[in-house]
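Dear colleague,

I am handing over the structure that we talked about, so that you can have it open while you read. Below it I have written out what was found, helix pair by helix pair and then residue by residue.

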Amino acid sequence: MNESHEDRLKRLKMRSMRRGIKEMDLILTAYADANLAKMSPAALDTYDALLRENDQDLYQWVTGQVAPPTAYAGLIQDVSQVFQK
(Lines give C-alpha, C1' and ligand atoms only; values in the text may rest on other atoms or scores of the structure.)
Protein backbone atom coordinates (compact mmCIF):
# COMPACT_ATOMS: atom_id res chain seq x y z
CA MET A 1 0.00 0.00 0.00
CA ASN A 2 1.32 3.42 -0.92
CA GLU A 3 -0.25 5.82 1.58
CA SER A 4 1.30 8.75 3.38
CA HIS A 5 1.98 8.56 7.10
CA GLU A 6 -0.77 11.11 7.72
CA ASP A 7 -3.29 9.12 5.66
CA ARG A 8 -2.31 5.95 7.49
CA LEU A 9 -2.94 7.56 10.86
CA LYS A 10 -6.34 8.81 9.67
CA ARG A 11 -7.27 5.36 8.38
CA LEU A 12 -6.21 3.63 11.61
CA LYS A 13 -8.08 6.22 13.68
CA MET A 14 -11.25 5.65 11.63
CA ARG A 15 -10.92 1.87 11.91
CA SER A 16 -10.47 2.28 15.68
CA MET A 17 -13.71 4.26 15.87
CA ARG A 18 -15.88 2.06 13.64
CA ARG A 19 -15.80 -1.37 15.24
CA GLY A 20 -18.52 -3.98 15.59
CA ILE A 21 -19.23 -3.42 19.27
CA LYS A 22 -19.46 -0.13 21.14
CA GLU A 23 -17.07 -1.18 23.91
CA MET A 24 -14.28 -1.70 21.40
CA ASP A 25 -15.13 1.61 19.70
CA LEU A 26 -14.58 3.39 23.00
CA ILE A 27 -11.45 1.49 24.01
CA LEU A 28 -9.69 1.65 20.66
CA THR A 29 -10.64 5.26 19.97
CA ALA A 30 -9.17 6.32 23.30
CA TYR A 31 -6.04 4.28 22.61
CA ALA A 32 -5.68 5.70 19.10
CA ASP A 33 -6.11 9.28 20.32
CA ALA A 34 -3.42 8.83 22.95
CA ASN A 35 -0.90 6.78 20.98
CA LEU A 36 -1.08 6.62 17.19
CA ALA A 37 0.84 9.82 16.47
CA LYS A 38 3.87 8.67 18.48
CA MET A 39 3.99 5.04 17.33
CA SER A 40 6.81 3.71 15.15
CA PRO A 41 6.06 2.27 11.70
CA ALA A 42 6.54 -1.27 13.09
CA ALA A 43 4.14 -0.58 15.97
CA LEU A 44 1.61 0.84 13.50
CA ASP A 45 1.94 -2.36 11.45
CA THR A 46 1.09 -4.41 14.55
CA TYR A 47 -1.84 -2.13 15.43
CA ASP A 48 -3.10 -2.34 11.83
CA ALA A 49 -3.00 -6.15 12.04
CA LEU A 50 -4.77 -6.05 15.42
CA LEU A 51 -7.60 -4.02 13.90
CA ARG A 52 -8.26 -6.87 11.47
CA GLU A 53 -9.09 -9.21 14.37
CA ASN A 54 -12.63 -10.05 15.45
CA ASP A 55 -14.12 -7.64 18.01
CA GLN A 56 -15.27 -10.44 20.30
CA ASP A 57 -11.70 -11.78 20.44
CA LEU A 58 -10.27 -8.29 20.97
CA TYR A 59 -12.67 -7.61 23.81
CA GLN A 60 -11.78 -10.87 25.55
CA TRP A 61 -8.06 -10.14 25.16
CA VAL A 62 -8.33 -6.55 26.40
CA THR A 63 -10.45 -7.51 29.41
CA GLY A 64 -8.17 -10.41 30.32
CA GLN A 65 -10.81 -13.10 29.80
CA VAL A 66 -8.57 -14.87 27.28
CA ALA A 67 -4.81 -14.57 26.74
CA PRO A 68 -3.98 -12.74 23.50
CA PRO A 69 -1.74 -14.23 20.82
CA THR A 70 1.93 -13.64 21.58
CA ALA A 71 2.29 -11.24 18.64
CA TYR A 72 -0.25 -8.89 20.24
CA ALA A 73 0.51 -9.39 23.95
CA GLY A 74 2.40 -6.12 24.50
CA LEU A 75 -0.01 -4.06 22.45
CA ILE A 76 -3.05 -5.58 24.17
CA GLN A 77 -1.48 -4.77 27.54
CA ASP A 78 -1.06 -1.14 26.44
CA VAL A 79 -4.61 -0.97 25.07
CA SER A 80 -6.05 -2.41 28.27
CA GLN A 81 -4.36 0.33 30.32
CA VAL A 82 -6.20 3.16 28.50
CA PHE A 83 -9.02 3.44 31.05
CA GLN A 84 -6.85 2.62 34.05
CA LYS A 85 -4.75 5.80 33.79
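In this predicted model, helices α2 and α4 pack at an angle of about 60 degrees, and their axes are 10 Å apart. That angle makes α2 oblique to α4, and α2 passes α4 in a left-handed crossing. On the α2 side the contact is made by Glu 23, Met 24, Ile 27 and Leu 28, and on the α4 side by Asp 55, Leu 58, Tyr 59 and Val 62. Sorted by character, the residues of this contact between α2 and α4 comprise six nonpolar, no polar and two charged.

Helix α2 also packs against α5, here at an angle of about 100 degrees and with the axes 9 Å apart. That makes α2 roughly perpendicular to α5. From α2, the residues Ile 27, Leu 28 and Tyr 31 meet Leu 75, Asp 78 and Val 79 of α5, and the residues of this contact divide into five nonpolar, no polar and one charged. Please note that Ile 27 and Leu 28 appear both in the contact of α2 with α4 and in that of α2 with α5.

It may help to look at α4 and α5 by their buried residues as well. In α4, which runs over residues 55-62, the buried residues are Asp 55, Leu 58, Trp 61 and Val 62. Seen down the axis of α4, these buried residues fall within an arc of 125 degrees, so they line one face of the helix. What covers them includes α2, α3 and α5.

In α5, residues 73-80, the buried residues are Leu 75, Ile 76, Val 79 and Ser 80. Viewed down the axis of α5, they fall within an arc of 135 degrees, so here too the buried residues line one face of the helix. The cover over the buried residues of α5 includes α2, α3 and α4. As background to both helices, an α-helix has 3.6 residues a turn, so residues three or four places apart point the same way.

Turning to the N-terminal part of the chain, helix α1 (residues 5-17) and helix α3 (residues 41-50) pack at an angle of about 30 degrees, with 11 Å between their axes. The two helices are therefore roughly parallel to each other, and α1 passes α3 in a left-handed crossing. In α1, the residues His 5, Arg 8, Leu 9, Arg 11, Leu 12, Arg 15 and Ser 16 meet Pro 41, Leu 44, Asp 45, Tyr 47 and Asp 48 of α3. The residues of this contact divide into five nonpolar, two polar and five charged.

Two residues of α1 deserve a separate word. Arg 8, which lies in helix α1, is buried, with a relative accessible area of 14%. Leaving aside its neighbours within four places in sequence, Arg 8 is in contact with Glu 3, Pro 41, Leu 44, Asp 45 and Asp 48. Between Arg 8 and Lys 38, which are 30 residues apart in sequence, the distance in space is 13 Å from C-alpha to C-alpha.

Leu 9, likewise in helix α1, is buried with a relative accessible area of 17%. Apart from its neighbours within four places in sequence, Leu 9 is in contact with Leu 36, Ala 37 and Leu 44. Leu 44 is thus listed among the contacts of Arg 8 and among those of Leu 9.

Glu 3 is found in the segment before α1, and with a relative accessible area of 25% it is partly exposed. Not counting residues up to four places away in sequence, Glu 3 touches Arg 8 and Arg 11. The C-alpha atoms of Glu 3 and Ala 71, which are 68 residues apart in sequence, are 24 Å apart in space.

Lastly, Ile 21 is found in the loop between α1 and α2. With residues up to four places away in sequence left out, Ile 21 touches Asp 55, Gln 56 and Tyr 59. Of these, Asp 55 and Tyr 59 also take part in the contact of α2 with α4, and Asp 55 is one of the buried residues of α4. Ile 21 and Gly 74 are 53 residues apart along the chain, and their C-alpha atoms are separated by 22 Å.

With best wishes

Definitions and conventions. Residues are numbered from 1 along each chain as its sequence is written. This is a predicted model: local features need pLDDT of at least 70, side-chain atom pairs count only at pLDDT 80 or more; totals for chains, interfaces and linings use all residues. Side-chain values use heavy atoms; hydrogens and water are left out. Axes are lines fitted to C-alpha atoms, for helices over the stretch in contact, and angles run from 0 to 180 degrees between N-to-C directions. Helices (H or I, at least four residues) and strands (E, at least two) are DSSP runs, numbered from the N terminus. Angles under 35 degrees count as roughly parallel, over 145 as roughly antiparallel, 65 to 115 as roughly perpendicular and the rest as oblique. A crossing is left-handed if the near helix is turned anticlockwise from the far one by less than a right angle, and right-handed if clockwise. Contact means heavy atoms within 4.5 Å. Ala, Val, Leu, Ile, Met, Phe, Trp, Tyr, Cys and Pro count as nonpolar, Asp, Glu, Lys and Arg as charged, and the others, Gly among them, as polar. Buried means under 20% relative accessible area, exposed over 50%, partly exposed in between (1.4 Å probe, protein chains only). The arc is that of the directions from the helix axis to the C-beta atoms.
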